[in-house]
Amino acid sequence: MALRATLHEVGGRLLEQLLNADGGGYRGPRTACGQGHQATFVEYRRKEILTVLAPVQVQRAYYHCGPCAAGVIPKDQALDIVGTAFSPGVRRLMGRVGGKEAFAVGRRDLAELAGIRVTTKAVERVAEAVGAEIETLARQERTLALAGKLIPFQPVPKLYLTIDGTGVPVVPHETAGRPGKDASGQARTRETKLGCVFTQTRLDARGRPVRDDGSTTYVGAIETAEAFGVRLYAEAVRRGVQRAAQVIVLGDGAAWIWGLAAEHFPGATQIVDLYHAREHVAELGKLLYGPGSGEATRWTAARTADLDAGEVERLVAALDRLRPRAAEGQEATRKAVGYFQANAERMRYASFRRQGLFVGSGVVEAGCKTIIGFRLKQSGMRWTVKGANAIIALRCAELSGRWEEFWEARSVA
Ligand SMILES: [Zn+2]
């Protein structure tokens with residue numbers, strides 16, 4: 001510990017000398033402000049910057065632009081420290097921990113692992129700023145993809161798009177006027193929509209599909225189905241959807257998912273996630289026959305067999321034969337009939353399996369847990385939509401293997 005501190009101190013002093021070797025980035029008495037005016041040199045100003053080594057004092061030439069009524073510090077721009085007291089390296093670490101764990105835990109890890117001491121609020125602000133920047137770049141990328149200017153990867157035989165939604169707890173003003181399920185009638189969560197794109201080339205020895213290694217990327221946000229549709233479509237374009245021999249959309253029964261699929265991916269094979277469908281059967285069995293009863297088990301097993309075989313008509317006929325006495329059972333049965341009838345063509349599981357397709361969206365389920373659940377749904381967390389979306393963008397980039405790419409892209413900019 002003592003040795004590390006010493007090395008950091010020595011490194012910090014060297015860095016400080018290096019950063020001040022230019023005398024402050026003086027550009028002469030006048031310099032362009034960036035908005036088409038000339039800013040005038042005022043004086044040299046010092047600022048303390050926290051770097052990964054140590055805090056350092058940096059001397060910078062300060063200019064003032066009259067028309068903009070704002071200061072201009074060319075050296076801050078060169079060092080990428082405009083409006084911040086943290087070096088890019090420290091901000092990267094703050095983004096990393098803030099994306100991974102609760103901000104307070106991230107603050108402790110930074111101190112413990114890197115000897116970097118910052119406040120919890122600073123971790124939150126910087127991580128959200130990094131996420132917002134990632135989203136800005138993602139938006140530019142979407143524009144390029146939609147304009148046909150992104151060259152896709154090599155052609156892929158099968159491209160899967162899996163879609164899911166999950167509620168994220170938000171602060172009260174984010175749900176004002178939105179009806180909720182609990183007693184207060186006020187919603188406490190907002191739905192995050194998550195899409196996952198992956199490719200599949202081969203089958204294993206038993207004929208089951210295998211997801212291509214490293215082929216999974218994620219996009220997500222708390223936003224309308226319409227906005228999310230564009231987000232997912234652009235990602236699909238980037239991943240080569242236009243050159244894919246087969247496109248498969250996997251989701252639960254939610255209507256917005258199939259609306260989105262019809263709009264952006266016409267001709268795609270639509271599949272209702274088998275595990276979601278089975279859950280509907282199991283829930284109904286429990287409701288009608290009582291949880292854990294022999295009758296529930298037998299009935300559920302038989303109906304699940306219908307479902308697995310893609311015999312949706314047989315399943316619906318069996319539901320039609322039910323004569324539940326309780327109103328609750330009648331209502332649930334009626335809903336189940338509607339659900340299975342509406343999705344019948346998306347539940348031809350035997351046929352999908354023969355084609356060597358995935359029929360369960362385990363990937364996106366896991367994605368929802370990993371990207372959203374583990375980070376955004378811990379007890380006591382309450383997000384603003386802006387804050388949640390920044391962290392979701394950050395996590396999607398990281399879990400898509402694009403974190404490094406982001407930092408490289410912004411260092412060039
Ligand atoms: Zn100006």
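This section walks through a zinc site, a helix and a few individual residues in a predicted model.

The zinc ion makes a good starting point. Four residues coordinate the metal: Cys33 and Cys65 and Cys68 through SG, and His37 through ND1, at 2.1 to 2.3 Å. The angles among these four donor atoms run from 101 to 118°, and the site comes out as tetrahedral. For reference, ideal angles for four tetrahedral donors are 109.5 degrees. Along the chain, the donors of the zinc ion are spaced as C-x3-H-x27-C-x2-C. As for where they sit, Cys33 is in the loop between β1 (30–32) and β2 (38–50), while Cys68 is in the loop between β3 (55–65) and β4 (70–72), so this pair ties together parts 35 residues apart in sequence. Burial at the two positions can be set side by side: Cys33 has a relative accessible area of 12% and is buried, whereas Cys68, at 29%, is partly exposed. Disulfides are quickly dealt with, since the cut-off for one is a pair of cysteine sulfur atoms within 2.5 Å. By this rule there are zero.

Next comes helix α6, which covers residues 225–238. Its length checks out: at 1.5 Å a residue, 14 residues should span 20 Å, and the end C-alpha atoms are indeed 20 Å apart. Buried positions in α6 include Phe228, Gly229, Arg231 and Leu232, and further along the helix Ala234, Glu235, Ala236, Val237 and Arg238 are buried too. As for partners, the buried residues of α6 pack against two helices, α5 and α7 (255–264), and against the strands β5 (158–169), β6 (189–203) and β8 (217–221). After α6 comes Gly240, with a positive phi near 95°.

One link between α5 and α6 can be followed down to side chains. Glu135 belongs to helix α5 (residues 120–146), and with a relative accessibility of 16% Glu135 counts as buried. Its side chain makes a polar contact of 3.1 Å with that of Arg231, itself one of the buried residues of α6. Setting aside residues up to four places away in sequence, Glu135 touches Arg142 and Ala393 as well as Arg231.

Back towards the N terminus, Asn20 is part of helix α1 (residues 2–20). At 22% relative accessibility, Asn20 is classed as partly exposed. A polar atom of the Asn20 side chain lies 2.9 Å from the backbone oxygen of Glu16. Asn20 also reaches residues elsewhere in the sequence: not counting neighbours within four places, its contacts are Gln57, Val58, Gln59 and Lys75. For Gln57, 37 residues away along the chain, the C-alpha separation from Asn20 is 8.4 Å.

A last stop is Arg211, in strand β7 (residues 209–211). With a relative accessible area of 34%, Arg211 is partly exposed. Its side chain is joined to that of Thr216 by a polar contact of 2.6 Å. Between Arg211 and Tyr160 the sequence separation is 51 residues, and their C-alpha atoms are 9.5 Å apart in space.

Notes: Residues numbered from 1 in each chain as written. Predicted model: local features only at pLDDT ≥ 70, side-chain atom pairs only at ≥ 80, totals over all residues. Heavy atoms only, no water. Donors = N, O, S within 2.8 Å, 3.2 Å for Na, K, Ca; no water. Tetrahedral: all angles 85-135°; square planar, octahedral: opposite > 155°, others 65-115°. Helix = DSSP H or I, 4+ residues; strand = E, 2+ residues; numbered from the N terminus. Buried < 20%, exposed > 50% of the residue type's maximum accessible area, 1.4 Å probe, protein only. Polar contact = N/O pair within 3.5 Å; in protein donor to acceptor, adjacent residues only side chain to side chain. Contact = heavy atoms within 4.5 Å. Expected span 1.5 Å × (residues − 1).
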